Amino acid sequence: MSTTPQSLYRDEGVVLRTQKLGEADRIITVLTRRTGKVRAVAKGVRRTKSKFGARLEPFSHVDLQLYTGRNLDIVSQAESLHAYGPAVVRDYRAYTAGTAVLETADRLTAEEKEPQLRMFLLVIGALRTLADASRPPGLVLDAFLLRAMSVAGWEPALGDCARCGEEGPHRHFSVPAGGTVCPACRPAGSAMPNLVTIDLLEALLSGDWVRAEASQAMSRREGSGLVAAMLQWHLERGLRSLPLVDRS
């Protein structure tokens, strides 16, 4: 069957993961700017003479030309836009945070070929910051996770009560309820984090890095626990990469 002109398309994307296929091919999962999440076959990329194998590794920001396939699309061209991988991999804390960023983006974009521009921009922003080593990797990850949950429709309530909307701040925090809760709405088993921890989460969600980077290690640890609990509650099963994140 001949390929119609409509079956060829071009997009930029970030490689989320790869898996081997046969002896020389690889399936790549890419979150693209316009098309959304795409799974495509990159033929021959595991051969040493492959022209673009190194460009299709996780953390890579690439410009792709693809053919639409019956089950999986096929990569016909790949040009590197930004190779974040080498810089991220050099720093173990950045690498573990970056791995969690990629897995989260993969899990939160379950539907393939559904445009996800905001998620794409969040991933690129997080990887760029991790590669630049301009901010603490743990804070970069938690900021990404909070904003990714917001994009997915799960933004936590960090001021007013998550259940009744009563003006905060409130001292109790319930993951099932969706954030801070007032005394009247507080479910059994609610946590009682320090108010400075909630302030840190608000700063990360809003992008107030001056306030976020002024936080203490204790608040960062407590905040990371709340963020991880919220994400895993919504996903209903844990991320493999999140427990491995080096927050030292």
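**Exercise 1. Helix H7**

Task: In this predicted model, find how far helix H7 reaches from its first C-alpha to its last, and which of its residues are buried.

Solution.
- Step 1. Locate the helix. H7 covers residues 217–235, which makes 19 residues.
- Step 2. Check its span. From first to last C-alpha, H7 reaches 27 Å, close to the 27 Å expected at 1.5 Å a residue.
- Step 3. Pick out the buried positions. They are Ser219, Gly223, Ser224, Leu226, Val227, Ala228, Met230, Leu231 and Leu235.
- Step 4. Ask what lies over them. The cover of these buried residues includes H2, H4, E6 and H5.
- Step 5. Look just past the end of the helix. Glutamate 236 has a positive phi of about 70 degrees.

**Exercise 2. Arginine 107 and its distant partners**

Task: State which residues arginine 107 touches, leaving out those up to four places away in sequence.

Solution.
- Step 1. Place the residue. Arginine 107 sits in helix H2, residues 92–108.
- Step 2. List the contacts. They are Leu235, Arg237, Gly238 and Leu239.
- Step 3. Compare sequence with space for one of them. Leucine 235 is 128 residues from arginine 107 along the sequence, yet their C-alpha atoms are 7.9 Å apart.
- Step 4. Tie this to Exercise 1. Leu235 is one of the buried residues of H7, and H2 is part of the cover over that helix's buried residues.

**Exercise 3. Strand pairing around E5**

Task: Work out in which direction E3 and E4 each run relative to E5, and how many bridges join each pair.

Solution.
- Step 1. Take E3 (residues 37–42) with E5 (residues 73–83). These strands run parallel and are joined by 2 bridges.
- Step 2. Name an opposite pair. Valine 41 faces isoleucine 74 in E5.
- Step 3. Take E4 (residues 60–67) with E5. Here the strands are antiparallel, with 8 bridges.
- Step 4. Name a bridge pair. Aspartate 63 partners glutamate 79 of E5.
- Step 5. Find the connection. E4 passes into E5 through a hairpin of 5 residues.

**Exercise 4. Helix H4**

Task: Decide whether H4 is mostly covered or mostly open, and find what follows the helix.

Solution.
- Step 1. Size the helix. H4 takes in residues 137–151, 15 in number, and reaches 21 Å from first to last C-alpha. That is close to the 21 Å expected.
- Step 2. Count the burial. Of the 15 residues in H4, 13 are buried, so the helix is mostly covered by the cut-off of under 20% relative accessible area.
- Step 3. Read on. Glycine 153 follows H4 and has a positive phi near 95 degrees.

**Exercise 5. Unusual backbone**

Task: Identify where phenylalanine 59 and alanine 133 lie, and whether each is buried or exposed. Then find the form of the peptide bond from glycine 168 to proline 169.

Solution.
- Step 1. Recall the background. Most residues other than glycine have a negative phi, and most peptide bonds are trans.
- Step 2. Inspect phenylalanine 59. Its phi is positive, near 80 degrees. The residue is in the loop between E3 and E4. Phenylalanine 59 counts as buried because its relative accessible area is 5%, and the cut-off is under 20%.
- Step 3. Inspect alanine 133. Its phi is also positive, near 55 degrees. The residue is in the loop between helix H3 (117–132) and H4. Alanine 133 counts as exposed because its relative accessible area is 57%, and the cut-off is over 50%.
- Step 4. Check the peptide bond. From glycine 168 to proline 169 it is cis, with omega near 10 degrees. Proline 169 belongs to the loop between H4 and strand E6 (172–174).

**Exercise 6. A surface patch and a loop contact**

Task: Name the residues of the nonpolar surface patch that has about 300 Å² of accessible area. Then say which residues methionine 192 contacts, apart from neighbours within four places.

Solution.
- Step 1. Name the patch. Val89, Tyr92 and Tyr95 form it.
- Step 2. Look at one member. Tyrosine 92 is in helix H2 and is exposed, at 51% relative accessible area.
- Step 3. Move to methionine 192. This residue is in the loop between strand E7 (179–181) and helix H5 (195–206).
- Step 4. Read its contacts. They are Arg171 and His172.
- Step 5. Add the separation. The C-alpha atoms of methionine 192 and arginine 171 are 5.8 Å apart, with their positions 21 residues apart along the chain.

Conventions: Residues are numbered from 1 along each chain as its sequence is written. This is a predicted model: local features need pLDDT of at least 70, side-chain atom pairs count only at pLDDT 80 or more; totals for chains, interfaces and linings use all residues. Side-chain values use heavy atoms; hydrogens and water are left out. Helices (H or I, at least four residues) and strands (E, at least two) are DSSP runs, numbered from the N terminus. Contact means heavy atoms within 4.5 Å. Two strands pair if DSSP finds at least two bridges between them. The expected span of a helix is 1.5 Å times one less than its number of residues. Buried means under 20% relative accessible area, exposed over 50%, partly exposed in between (1.4 Å probe, protein chains only). Patches are made of residues with over 30% relative accessible area and no salt bridge: like charges are joined within 9 Å, nonpolar side chains (Val, Leu, Ile, Met, Phe, Trp, Tyr) within 5 Å. Accessible areas come from the Shrake-Rupley method with a 1.4 Å probe; for residues, only the protein chains shown count as cover. A salt bridge is a side-chain nitrogen of Lys or Arg within 4 Å of a carboxyl oxygen of Asp or Glu.
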